Amino acid sequence: MRIVIVGASRFGVATAERLIEAGHEVVLIDHDGDRLSALSEELDAGLLEGDGSLPSVLRNAYGDGADALVALTNVDDVNILAALVGQSVGFERVVPQIVRRELLAVCDALGLENLITPHATVARSIVHTLETRHDASLDLRSHQGFDVLGYPMSEDHEGMTVNDLDLPKATRVIALTRGEENRLATGDTKLKAKDVLIVAVAPEAQDEMDAMFWPESEEDG
């Protein structure tokens, strides 16, 4: 396959490396020419300097045809725009990375069905790792309708316990990640800023959880 990647982020480069190892042709787009120059000695890929959300740049990358466009910049808005422009250029499959959950409904409305949601994926991976190492763990994979999501703790949460958070009833805290350390969490677990709390959340509680941990001031910033 011929894959075009927008964004020479760490994730973008790691994805390019894996695709190349698997025998696929890769074109990597980024606005930072110095970054691409440094990568030219590491990646056996086409490197294209430019704004990956512009039609002219994506047409150049598309060339005589490409199988997919993957948008992996660190900005959700850019990834969404790149995906939409990619569709107009002719890419049959577009896959944007989306970090902010509130944009998932927007993507659905825009017809962007194939999404990369790294926080949710990492959360599920952490839960699976913890489950397989703890005999008494809850097998959340058998509980239909719940999403396992990660929520960042701020300075305001420093020193609080999980019970102090007063989370919605339709949630269950499973674990937290602190730096490189993953641990199961209980109601008495004390929190620190920059912890990521891993929570099983029913659909009806997700908006309330978003409001608690992704305040509007941060979303708009």
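In the predicted model, Asp195 counts as buried, since its relative accessibility is 1%. This aspartate is one partner of a salt bridge with Arg178, in which the closest N and O atoms are 2.7 Å apart. The pair links distant parts of the chain, for Arg178 belongs to strand β7 whereas Asp195 is placed in the loop between β8 (181–184) and β9 (196–201), the two being 17 residues apart. Arg178 likewise counts as buried, with a relative accessibility of 19%, a value that falls under the 20% limit set for that class. The residue that precedes Asp195 in the numbering, Lys194, is also found in the loop between β8 and β9, but Lys194 is exposed, with a relative accessible area of 73%.

The protein as a whole comprises 221 residues, of which 43% are buried, and its secondary structure consists of eight helices and nine strands. Among contacts with a separation of 6 or more, 61% are accounted for by residues 24 or more positions apart. The accessible surface of the protein comes to about 12,400 Å², and carbon and sulfur atoms contribute 47% of that area.

Five salt bridges are present in the structure, including the Arg178 and Asp195 pair described above. Another joins Arg100 to Asp76, with a distance of 3.3 Å between the closest N and O atoms. Because Arg100 lies in the loop between β5 and α5 while Asp76 lies in helix α4 (residues 76–89), this pair ties together parts that are 24 residues apart in sequence. The two partners fall into separate classes of accessibility: Asp76 is buried, at a relative accessible area of 5%, whereas Arg100 is partly exposed, at 23%. The pairing of Arg100 with Asp76 also forms part of a wider arrangement, as Asp76, Asp77 and Arg100 are linked in a network of salt bridges.

A further salt bridge is formed by the side chains of Asp210 and Arg101, with an N to O distance of 2.8 Å. Asp210 lies in helix α7 (residues 206–213) and Arg101 in the loop between β5 and α5, so that this pair ties together parts that are 109 residues apart in sequence. Here too the aspartate is buried, Asp210 having a relative accessibility of 9%, while Arg101 is partly exposed, with a relative accessible area of 22%.

The loop between β5 (94–96) and α5 (104–109) also holds Leu103, which counts as buried at 15% relative accessibility. When residues up to four places away in sequence are not counted, Leu103 touches Asp76, Asp77, Ile80 and Ile98. Two of these contacts, Asp76 and Asp77, are thus members of the salt-bridge network that includes Arg100. The C-alpha atoms of Leu103 and Asp77 are 8.9 Å apart in space, although the two residues are 26 residues apart in sequence.

The loop between β6 (147–152) and β7 (171–178) contains Thr161, a residue that counts as buried at 16% relative accessibility. Leaving aside neighbours within four places in sequence, Thr161 is in contact with Gly187, Asp188, Thr189, Lys190 and Leu191. Asp166 is found in the loop between β6 and β7 as well, yet Asp166 counts as exposed, at 62% relative accessibility.

Two residues were noted for their backbone geometry. Most residues other than glycine have a negative phi. In Asp166, by contrast, phi is positive and near 55 degrees, and in Lys194 phi is positive and near 80 degrees. Both residues lie in loops, Asp166 between β6 and β7 and Lys194 between β8 and β9.

On the surface, a patch of negative charge is made up of Glu17, Glu21, Glu41 and Glu42. Glu42, one of its members, is found in the loop between α2 (33–39) and β3 (46–49), and with a relative accessibility of 55% this glutamate counts as exposed, the limit for that class being over 50%.

Definitions and conventions. Residues numbered from 1 in each chain as written. Predicted model: local features only at pLDDT ≥ 70, side-chain atom pairs only at ≥ 80, totals over all residues. Heavy atoms only, no water. Helix = DSSP H or I, 4+ residues; strand = E, 2+ residues; numbered from the N terminus. Buried < 20%, exposed > 50% of the residue type's maximum accessible area, 1.4 Å probe, protein only. Contact = heavy atoms within 4.5 Å. Patch = residues over 30% accessible without salt bridge, like charges linked within 9 Å, V, L, I, M, F, W, Y side chains within 5 Å. Areas by Shrake-Rupley, 256 points an atom, 1.4 Å probe, with all protein chains shown as cover. Salt bridge = Lys/Arg side-chain N within 4 Å of Asp/Glu carboxyl O. Lys, Arg positive; Asp, Glu negative; His and termini not counted. Charge placed at Lys NZ, Arg CZ, Asp CG, Glu CD.
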